[in-house]
Structure formats: C-alpha cells, structure tokens
Amino acid sequence: MINIGLIGCGRISKNHFEAIAQQTDARCIACCDIIEDRARVSAQQYQIPFWTTKYHDMLQDPNINLVSICTPSGMHHEHGILAAQNKKHVLIEKPMACRLSDADNLIRTCKESGVKLFVVLQNRLNPAIQLVKRALDEGRFGKVYMITSNVFWTRPQEYYDMASWRGTWALDGGAFMNQASHYVDMVRWFGGPVDSVKAFTATLARNIEAEDTGSAIIKFMNGAIGSINVTMLTYPQNMEGSITIIGETGTVRIGGIAMNKIEYWSFADVKDYDLNIKEAATNPDSVYGFGHRGFYQEVIKALVQDGPLSDAKYTDGKAGRNSLELLEAIYHYK
Ligand SMILES: NC(=O)c1ccc[n+]([C@@H]2O[C@H](COP(=O)([O-])OP(=O)(O)OC[C@H]3O[C@@H](n4cnc5c(N)ncnc54)[C@H](O)[C@@H]3O)[C@@H](O)[C@H]2O)c1
C-alpha cells in the first residue's frame with residue numbers, strides 16, 4: 001500500500017484526491033494547506049485521517065511514502081526538495097518549477113535521496129494522444145515538417161485575482177508557463193529536442209506581471225518547424241486548444257477541450273488502429289481532463305514494482321525538465 005500525503009488543498013487538489021481514492025494500492029493519509037479551512041475540509045470530504053497547516057509536521061510521518069505537491073508552481077521545487085530529503089517519493093504538479101535551475105536542484109536532490117520524481121503531465125495519457133505518439137514512434141509521418149499549437153482560451157481578471165501568486169513571475173509565469181504548459185509539453189514531446197526558439201510575449205489586457213498573449217517559433221533538431229500561439233484573451237470564451245502535425249506521409253490534428261479528440265487523421269499507410277480514432281475521444285468537462293486517475297495508476301505501479309519510468313506512459317523529472325527548458329527559451333526571447 002502506498003501512503004500519500006498531499007500539500008496544497010486548492011483547485012487542482014480535488015483531481016488528486018479523487019484519483020487517489022480510485023486506486024486500490026494507494027490511499028491519502030495526510031493533507032496540508034497553510035489555509036486551515038482548506039486542509040480541514042479536504043480531510044473531512046475525502047476521509048483523510050490527518051490534516052495540518054505545517055508541512056514539516058506532515059513530513060515527519062514515517063508511514064508516508066509519496067508526497068503529492070499541489071502548491072503554487074514557484075514553490076514546487078522547495079516542497080519537493082523537502083519531501084525528498086525526508087525520503088519520500090515526489091509527485092509534482094506541472095510545471096515542475098518556474099526556473100530550470102530550481103528543477104535541476106530538485107532532480108539532483110531526488111537522485112541523491114534515492115527517491116523517484118514524477119511530474120503531472122496527465123494529458124500524455126489521453127487515448128487520442130497515445131495514438132498520435134504511437135503513429136510518430138512507428139514513423140508513419142515520414143519526415144515531420146511542421147508542428148503547430150493554438151491555445152485560444154479566456155481567463156478573466158477575476159481568475160488571476162483569485163490568488164496572489166497567479167500571473168507573478170516568481171510563483172507562476174504567464175499563459176505559456178501556466179495555462180498552455182500542457183501544449184508546450186506536447187509540442188516538445190512530439191517534436192523532440194529543440195535547436196532554437198524565437199518568441200514574442202505581451203501583457204495586453206490583464207493586470208498581471210507575466211504575459212497573457214504570445215507566439216513562439218521553434219526550430220527542432222530534426223529540422224521541423226514548430227509554432228505555439230497562446231492567448232488568454234479570446235472573446236467570449238475558450239475557443240480552441242489544438243495541435244497539428246504535418247509530415248511527409250501523414251497529417252494529424254488533435255483538438256477537444258483537453259487534447260482529447262482527434263479531428264483530422266490521414267496517413268499514406270493503413271493500420272488497424274486507424275479504426276479506433278473516434279473511440280479514442282474522451283469527453284472531459286474541464287481543461288484539466290481525465291488524466292490524473294491514469295497518471296496515479298502509473299505512478300503507483302512504478303512504486304509498487306519499483307520499475308523504470310516508461311516515457312510513452314507517464315512523465316519523470318527529465319520529461320518535466322524538457323518542457324520547462326522550452327518554456328525558459330520562450331521567455332528568454334521576450
Ligand atoms: N495538471 C493540471 O492540468 C493542472 C491544472 C490546474 C493547476 N495545476 C497546477 O497545480 C498547482 C496549484 O494550482 P491551483 O489552481 O490548485 O492553485 P490554488 O491557489 O487553488 O491552490 C494552491 C494551494 O496551495 C496552498 N499553499 C500555498 N503555500 C503553501 C504552503 N507553504 N504550505 C501549504 N499549502 C500552501 C494555498 O493555500 C492553496 O490552497 C499549480 O502549480 C498549477 O500550475 C495543474
């Protein structure tokens with residue numbers, strides 16, 4: 001049985017608590033938030049035996065094997081390092097840190113402490129995404145020419161005003177680092193190592209430090225050209241979240257609310273799973289998608305079996321670092 005302690009009982013924690021409750025080999029035995037009400041209410045709602053406002057107290061419990069970190073992004077590395085130093089495995093929300101140097105410290109500490117590090121990039125587990133990755137790995141696209149992603153969403157000022165960390169450079173970042181980070185991750189995962197990046201970002205309408213709008217152009221090592229266009233100012237509501245891959249012998253477009261639907265699928269060759277395209281669509285009710293449950297399943301399996309991380313299935317520290325590296329490159333060219 002994997003015993004989990006969770007820190008940060010805010011908006012995304014619900015997906016974690018519910019995903020953990022659906023696992024047979026894991027349970028949440030402690031939760032923590034600096035806002036007492038949030039820790040107490042979560043403990044009541046999900047029948048968690050221990051709650052606290054002091055992270056250090058939770059880390060003292062020798063029964064906790066894994067700590068799930070759902071605090072503001074700029075605190076992830078600090079909370080992850082403390083967990084690792086206390087010999088707990090670390091599961092961290094995206095992005096794993098706001099700076100590459102912080103991510104590297106975290107990765108190093110986990111290695112030195114002999115614990116595993118998992119980064120929540122749950123959309124990689126979407127059945128639609130898995131099919132696209134399979135087609136890429138099988139070489140069905142031939143030479144990949146172009147990968148583009150559009151994230152045309154809406155986040156009103158009230159969204160940023162919900163918590164003081166939102167939209168700040170120290171604890172969050174902007175549209176690329178927070179809202180579009182799964183799309184950045186997917187473009188990097190599909191496109192592979194990056195040669196160079198150019199980007200423009202701007203804060204056009206929201207009262208925040210970081211950007212609400214931006215475009216990045218990417219040259220991949222394999223020669224392909226990529227682009228990511230992001231805005232949180234779409235009128236009047238979320239309109240598009242898509243990724244298109246164009247290759248020599250294949251073109252695919254993924255859309256839906258949370259990368260859950262294949263909208264275009266055309267290859268020069270034919271495979272049996274081409275018939276599964278429609279069935280692969282899931283129907284999540286929010287941009288968070290359904291992925292946390294499957295993600296926890298993979299994490300628990302890796303811990304119980306002490307197995308290696310499989311890149312096709314879920315994400316370790318290195319995978320989380322890859323997308324953070326691209327995010328930093330986008331911001332450096334501001
Ligand atoms: N995987 C996804 O799709 C997804 C979706 C949403 C958010 N996230 C990520 O989850 C993280 C949290 O986002 P959120 O929307 O839940 O934010 P939130 O503000 O709703 O929740 C964060 C919680 O952390 C608590 N906290 C802050 N400092 C703390 C400390 N020192 N000790 C204990 N608790 C502390 C806050 O009181 C708050 O309750 C962010 O990094 C975000 O990027 C991921």
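Helix axes here are lines fitted to C-alpha atoms over the stretch in contact, and the angle between two of them runs from 0 to 180 degrees between N-to-C directions. The model on screen is predicted.

**Stop 1: two helices.** Select residues 100-113, which form helix H5, and residues 317-332, which form helix H10. Their axes lie 10 Å apart, and the packing angle is about 170 degrees. Angles over 145 degrees count as roughly antiparallel, and H5 and H10 are therefore roughly antiparallel to each other.

Now show the side chains where the two helices meet. On H5, pick Leu 100, Ala 103, Ile 107 and Cys 110. Facing them on H10 are Gly 317, Gly 320, Arg 321, Leu 324, Glu 325 and Glu 328. Sorted by class, this contact has five nonpolar, two polar and three charged residues.

**Stop 2: two domains.** Colour residues 2-119 together with 293-316 as domain 1, and residues 124-284 as domain 2, following the domain assignment of the protein. The distance between the C-alpha centres of domain 1 and domain 2 is 26 Å. Where they touch, domain 1 supplies 12 residues and domain 2 supplies 11 residues. On the domain 1 side of this contact, seven residues are nonpolar, four are polar and one is charged.

**Stop 3: the ligand.** Select the ligand and the 24 residues around it. Which of these residues come nearest? They are Gly 8, Gly 10, Arg 11, Ile 12 and Glu 93. Colour the shell by class to finish: 13 residues are nonpolar, six are polar and five are charged.

How values were computed. Residues numbered from 1 in each chain as written. Predicted model: local features only at pLDDT ≥ 70, side-chain atom pairs only at ≥ 80, totals over all residues. Domains from an automatic or database assignment. Contact = placed C-beta atoms within 7 Å. Nonpolar A, V, L, I, M, F, W, Y, C, P; charged D, E, K, R; others polar. Near = placed C-beta within 6 Å. Helix = DSSP H or I, 4+ residues; strand = E, 2+ residues; numbered from the N terminus. Parallel < 35°, antiparallel > 145°, perpendicular 65-115°, else oblique.
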